[in-house]
Amino acid sequence: MKRVLLMMLAICAMTATGARAADASKLNGWISDSMCGAKHAGTGAACVKKCIEGGEKPVFVDEAKKEVWTIENPDAVKDFYGAHVTVSATADAAKKTVHIDSIAEAK
């Protein structure tokens, strides 16, 4: 009986950890490029556009933590290169990726 209880507890703990790996939340930050990352945060819309046109990938720079996150669905941000934005996104901290569900200019 104790063994079954311990197994069930372990499974519940793993499930809770897995659920936390992908959190949906609202984040403020900037859309930048993979080469310059946080260096463009708030200053380089023209350079961000040029870098992305040159083959770099768009990334999200978290305003609060200054962390750079890979965007899983880059087409969602194509109208916001270099912009200060608020996104609703599902983040995977283990992979440092975000899936953008919605995006708008930050106010």
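1. Secondary structure. In this predicted model, the chain contains 2 helices and 5 strands. Followed along the sequence, these elements are arranged in the pattern α-β-α-β-β-β-β. Of the 107 residues in the chain, 34% are buried. Among the contacts with a separation of 6 or more, 57% join residues that lie 24 or more positions apart.

2. Confidence. The chain has a mean pLDDT of 82, with 74% of its residues at 70 or more. In the stretch formed by residues 14-21 the pLDDT is below 50, and the model shows 3 contacts for this stretch beyond near neighbours in sequence. The placement of residues 14-21 should be read with that value below 50 in mind.

3. The nonpolar core. The largest nonpolar core consists of 18 residues. The residues with the most contacts inside this core are Ile31, Phe60, Val85, Val87, Val98, Ile100 and Ile103. At least two core residues come from each of β1, α2 (45-53), β3 (68-71), β4 (84-92) and β5 (97-105). The greatest contribution is that of β4, which provides 4 residues.

4. Phe60 within the core. Phe60 belongs to the group with the most contacts inside the core. Leaving aside residues up to four places away in sequence, Phe60 touches a run of residues comprising Leu27, Asn28, Gly29, Trp30 and Ile31. Its other partners are Glu67, Val68, Trp69, Ile71, Val85, Val87 and Val98.

5. Leu27 and strand β1. Leu27 lies in strand β1, which spans residues 22-33. With residues up to four places away in sequence set aside, Leu27 is in contact with Phe60, Asp62, Val85, Thr86 and Val87. The C-alpha atom of Leu27 is also 7.5 Å from that of Ala89, although 62 residues separate the two along the chain.

6. The two sides of helix α2. Which residues of α2 are buried? They are Val48, Cys51 and Ile52. These residues are placed on the same side of α2 because they cover an arc of only 95° around the axis. In general, residues three or four places apart in an α-helix point the same way, because the helix has 3.6 residues a turn. On the other side of α2, Ala46, Lys50 and Glu53 are exposed. After the helix comes Gly55, with a positive phi near 115°.

7. Positive phi at two lysines. Most residues other than glycine have a negative phi. Lys66 nevertheless has a positive phi, near 60°. Lys66 is located in the loop between β2 (58-62) and β3, and with a relative accessible area of 48% it is partly exposed. For Lys96, too, phi is positive, at about 60°, although this residue is not a glycine. Lys96 occupies the loop between β4 and β5; its relative accessible area is 31%, so it counts as partly exposed.

8. Ring interactions. Where does the charged end of Lys96 sit? It is placed over the ring of Trp69, 4.6 Å from the centre of that ring. Lys96 thus joins two features noted here: a positive phi and a charge over a ring. How many aromatic pairs are there, when ring centres must lie within 6.5 Å? The count by this rule is 0 aromatic pairs.

Terms used: Residues numbered from 1 in each chain as written. Predicted model: local features only at pLDDT ≥ 70, side-chain atom pairs only at ≥ 80, totals over all residues. Heavy atoms only, no water. Phe/Tyr/Trp six-rings, centres within 6.5 Å; stacked < 30°, edge-to-face > 60°. Lys NZ or Arg CZ within 6 Å of the ring centre and 35° of its normal. Contact = heavy atoms within 4.5 Å. Core = buried A, V, L, I, M, F, W, Y, C linked by side-chain atoms within 4.5 Å. Buried < 20%, exposed > 50% of the residue type's maximum accessible area, 1.4 Å probe, protein only. pLDDT = per-residue confidence, 0-100. Arc of directions from axis to C-beta.
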